[in-house]
Structure formats: C-alpha cells, structure tokens
Amino acid sequence: MDRWTDRLLAEGSDPDPRFTLANERTFLAWIRTALAVIAGGVGVALTGDTLTAPLRHGLSIAFSLTGALIAGLAFRRWLRTERALRRSETLPPPALAPIMSYGLALAATVLLVALLVTR
C-alpha cells in the first residue's frame, strides 16, 4: 500500500529529530489557533441579541470557515516543511501568516463596527 507517509519517508534522509519535533510543535500551534478561531465563531453565534441575526450568522460562519482553512493549511505547511527538512532544502515561507494576520484583523474590525452600529 502506497500511503503518503511511506512516500514522505522515502524522500531524502532523516533530519535531526529536534527539527522534526519543532515542526510538529508548530503544526500543533496552528491547530490550536484553528480551534480558537472556530470557538470564536461559536461564541459569536451564541451572542443572542447583541448582534442582528444575519450579521451574527455571517460572522460565525466566517470564523468557522477561517478555522477550517487554517487547519487544512497547517497540515500542508507541516508536510512541505517536513519534506524540505528531509531533502535539506530551504524551508517554505509561512503562507499562513498573512492569512491569519489580515483575516483576523478584518474579522475583528467587522465585529467591532457591528457592535458599535448595533448599540
């Protein structure tokens, strides 16, 4: 059976375990961030009358989808980094950083404006 793990391990050579474990810790940090963003979506959904229903639903969906995107991209980032470590190549740039920075800044701004307008 040709699993993705077999293909990954067949490439290059084993890197220093410290680098592989650091890559795993980074992956887990992104997963925690994804869970926090999804929890933020659940929190917005449960705000009750604080926000109007369409805005509340839209923000909660946006937070939840962003969390799902972060989780998916976190695995992709882990895999690309692990592959680069095994091949002794330059590590890939962090594609998640601008998505997180700009996405959360936009979501926070929309949420703040929505709270100010509905008060």
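**Briefing: a predicted four-helix chain**

S60 is buried, with a relative accessible area of 9%. The residue sits in helix 3 of a predicted model. The chain has four helices and zero strands. Its radius of gyration is 19 Å, well over the 14 Å that the globule rule gives for 119 residues, so the chain is more spread out than a compact globule.

**Overall form**

- From the N terminus on, the order of elements is α-α-α-α.
- The C-alpha trace spans about 60 × 30 × 20 Å along its principal axes.
- Of the 119 residues of the chain, 24% count as buried.
- Take the contacts in the chain with a separation of 6 or more: residues 24 or more positions apart account for 70% of them.

**S60 and its surroundings**

- Leaving out residues up to four places away in sequence, S60 touches G41, V44 and A45.
- The side chain of S60 also has a polar atom 2.9 Å from the backbone oxygen of H57.
- S60 counts as buried because its relative accessible area of 9% is under the 20% cut-off.

**The nonpolar core**

- In soluble globular proteins, nonpolar side chains tend to be buried together.
- Here the largest nonpolar core has 13 residues.
- Of these, W30, V44, L51, F63 and I70 touch the most other members.
- Helix 2, helix 3 and helix 4 each supply at least two residues of this core.

**L51, a buried loop residue**

- L51 lies in the loop between helix 2 and helix 3.
- L51 is buried, and its relative accessible area is 4%.
- Not counting residues up to four places away in sequence, L51 is in contact with V44, R56, L59, L111, A114, L115 and T118.
- Two names in that contact list recur elsewhere: V44 is also touched by S60, and A114 is one of the buried residues of helix 4.
- From L51 to S88 the C-alpha distance is 51 Å, with their positions 37 residues apart in sequence.

**Helix 4**

- Helix 4 covers residues 96-118, which makes 23 residues.
- At 1.5 Å a residue, helix 4 should span 33 Å.
- The end C-alpha atoms of helix 4 are 32 Å apart, which agrees with that expected span.
- L96, M100, A107 and A114 are the buried residues of helix 4.
- These buried residues pack against helix 2 (17-45) and helix 3.

**Aromatic pairs**

- The structure holds three aromatic pairs.
- W4 and W78 form an edge-to-face pair, because their ring centres are 5.9 Å apart and their planes stand at 90 degrees.
- This pair links distant parts of the chain: W4 is in helix 1 (residues 4-10) and W78 in helix 3 (residues 53-87), 74 residues apart.
- The partners fall in separate burial classes: W4 is partly exposed at 38% relative accessible area, whereas W78 counts as buried at 17%.
- F75 and W78 have ring centres 5.8 Å apart and planes at 25 degrees, so this pair is stacked.
- Both F75 and W78 lie in helix 3, three residues apart, about one turn of the helix.
- F75 counts as partly exposed, at 33% relative accessibility.
- W78 takes part in the edge-to-face pair with W4 and in the stacked pair with F75.
- Ring pairs link W4, F75 and W78 into a cluster.

**F27, a contact from helix 2**

- F27 is found in helix 2.
- Setting aside residues up to four places away in sequence, F27 touches A74, F75 and W78.
- F75 and W78, both touched by F27, are also members of the aromatic cluster.
- F27 and H57 are 30 residues apart along the chain, and their C-alpha atoms are separated by 29 Å.
- H57 is the residue whose backbone oxygen lies 2.9 Å from a polar side-chain atom of S60.

Conventions. Residues numbered from 1 in each chain as written. Predicted model: local features only at pLDDT ≥ 70, side-chain atom pairs only at ≥ 80, totals over all residues. Heavy atoms only, no water. Phe/Tyr/Trp six-rings, centres within 6.5 Å; stacked < 30°, edge-to-face > 60°. Buried < 20%, exposed > 50% of the residue type's maximum accessible area, 1.4 Å probe, protein only. Expected span 1.5 Å × (residues − 1). Contact = heavy atoms within 4.5 Å. Polar contact = N/O pair within 3.5 Å; in protein donor to acceptor, adjacent residues only side chain to side chain. Core = buried A, V, L, I, M, F, W, Y, C linked by side-chain atoms within 4.5 Å. Rg over C-alpha atoms; globule rule 2.2 N^0.38 Å.
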